[in-house]
Amino acid sequence: MKPQLSELQQQLDDVELAVQYALELAAKEGTSAAECSISKSAGISVGTRMGDVETVEFNQDGALGISVYRDHQKGSASTTDLSREAIAAAVKKAAEIARYTSADPFNGLAPKELMTKDYPELDLCHPGDQSAEYAIEQALACERHGLALDDRIINSDGAHYGSHTGFRVYGNSHGFLGGYLQSRHNLSCVLIAKEGERMQRDMSYSVARRTQDLAAPEKVAEEAAQETLSRLGGRKIDTAKVPVIFRADVAGSLFGHFVSAISGGNLYRKSSFLLDALGQPVLPSWLNIKECPHIVGGLASSPFDHEGLATIERDIVTAGELQTYLLTSYAARKMDMQPTGHAGGIHNWRLTHGDKSLTELCKQMGTGLLVTELMGQGVNLVNGDYSRGAAGFWVENGEIQYPVEEVTIAGNLKDMLANIVAIGNDVDERHALHTGSVLLEEMRIAGQ
């Protein structure tokens, strides 16, 4: 069972007509502006555990949301029923709500002149086999292979396979109406190993727009087994100040805090450690960040943002200096600036990286901590204080010595970002932010 592109395109066309109808009704209600959107997804999710099928779910999600404005008063409503009667009822309810909400002078649509006009086709939709048989086969093959790899792997938290296709449509009373198809497929496995009386768990996963770009079930299982087995025999270490490497799969979280700190919501609320940082050094002078929203088939590619604004290739950081904030139209009006097309998130950030592998980064570090897992939420975006539980490996003389557990790493994000020593070539492209492993000059490690 594989959805056909022609069928998906027809569904998208039908939804565009529904959005257009909602906007026409909103205009008849005497509203000053309106916007309407729907993100729809359909597919299958399968979970297995210890070689048995645990869950099989067919999902179909998506509601049409309508927001109307009476000057600066806003009312919103939604409906999963796309019949004309249901849409009309939702529009009337949104218009009614707008009469009673408080006026906010910053409410409204994004500027008309910034609406995208001719947006590119980015090849984001590649339907896969969504039959229960195929999904079960993938998940079982992955988990069973992982369980058979080593006698120390004695349990599993399961494998999961998912395949979904859908689309996003957005329109507003500026005359913008657009939509695009998209797909996402994923496979993951979590294994548990035991040595003596102690157990460890870890996982691996793959995600792609096309099923043929997913890692093979056996490879996902082997990576999960390797990660899990490598953690056996974990030790505590003494409290110290040492260099730290964030491995590529966790390094994205470090820059995720950076994304939050330069996002409009935190800036206009004065709750960011990077207030007034525009044009200032925030990263080392050798480090650039470029946003590339139009990568064909990219996991975080998008032809326009959630407000209909054009997504454009832009420099986020050049030679260490911050070039732009990330602003929705609401935040931009609050800050008397222009919106940047980031309603809905960032799009394929690419960071400068060197040519060193993770092994070579460890040699460059000499002695320190390689972090492979982060726990807890001890991050204060207001002042940048950072303290999180961590696990990983102790490195001496450039070589991994043993696994480390139950430690806390601490520092200040402003200093951490400014004191990045190097970024490796092991770039993880499974997220919107593409980075390799990150070597930091020094952090405080709280151990025993």
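This report describes selected salt bridges and one further residue, Gln4, in a predicted model.

## Basis of the description

The model is predicted, and local features need pLDDT of at least 70, side-chain atom pairs count only at pLDDT 80 or more, and totals for chains, interfaces and linings use all residues. Residues are numbered from 1 along each chain as its sequence is written, and side-chain values use heavy atoms, with hydrogens and water left out.

## Salt bridges in the structure

Side chains of opposite charge can pair when their charged atoms come close. The structure contains 16 salt bridges, a salt bridge being a side-chain nitrogen of Lys or Arg within 4 Å of a carboxyl oxygen of Asp or Glu. Three of these pairs are described below, including one within a helix and one that links two strands.

## A pair within helix α2

Glu96 and Lys93 form a salt bridge through their side chains, at 3.7 Å from N to O. Both residues belong to helix α2 (residues 84-98), where they are three residues apart, about one turn of the helix. Helices (H or I, at least four residues) and strands (E, at least two) are DSSP runs, numbered from the N terminus.

Glu96 has a relative accessibility of 36% and is therefore classed as partly exposed. Lys93 is likewise partly exposed, at 42%. In this scheme, buried means under 20% relative accessible area, exposed over 50%, and partly exposed in between (1.4 Å probe, protein chains only).

## Asp150, Arg152 and the β5–β7 pair

Between Asp157 and Arg201 there is a salt bridge whose closest N and O atoms are 2.9 Å apart. Asp157 is located in strand β5 (residues 153-172) and Arg201 in strand β7 (residues 198-208), so this pair ties together parts that are 44 residues apart in sequence. Both side chains are partly exposed: the relative accessible area is 39% for Asp157 and 45% for Arg201.

A network of salt bridges with shared partners joins Asp150, Arg152 and Glu195. Within this network, the closest N and O atoms of Asp150 and Arg152 are 3.0 Å apart. Asp150 is partly exposed, with a relative accessible area of 21%, and Arg152 is also partly exposed, with 32%.

## Gln4 and His126

Gln4 is placed in the segment before α1 (5-28). With a relative accessibility of 42%, Gln4 counts as partly exposed. Its C-alpha atom is separated by 9.2 Å from that of His126, although Gln4 and His126 are 122 residues apart along the chain.
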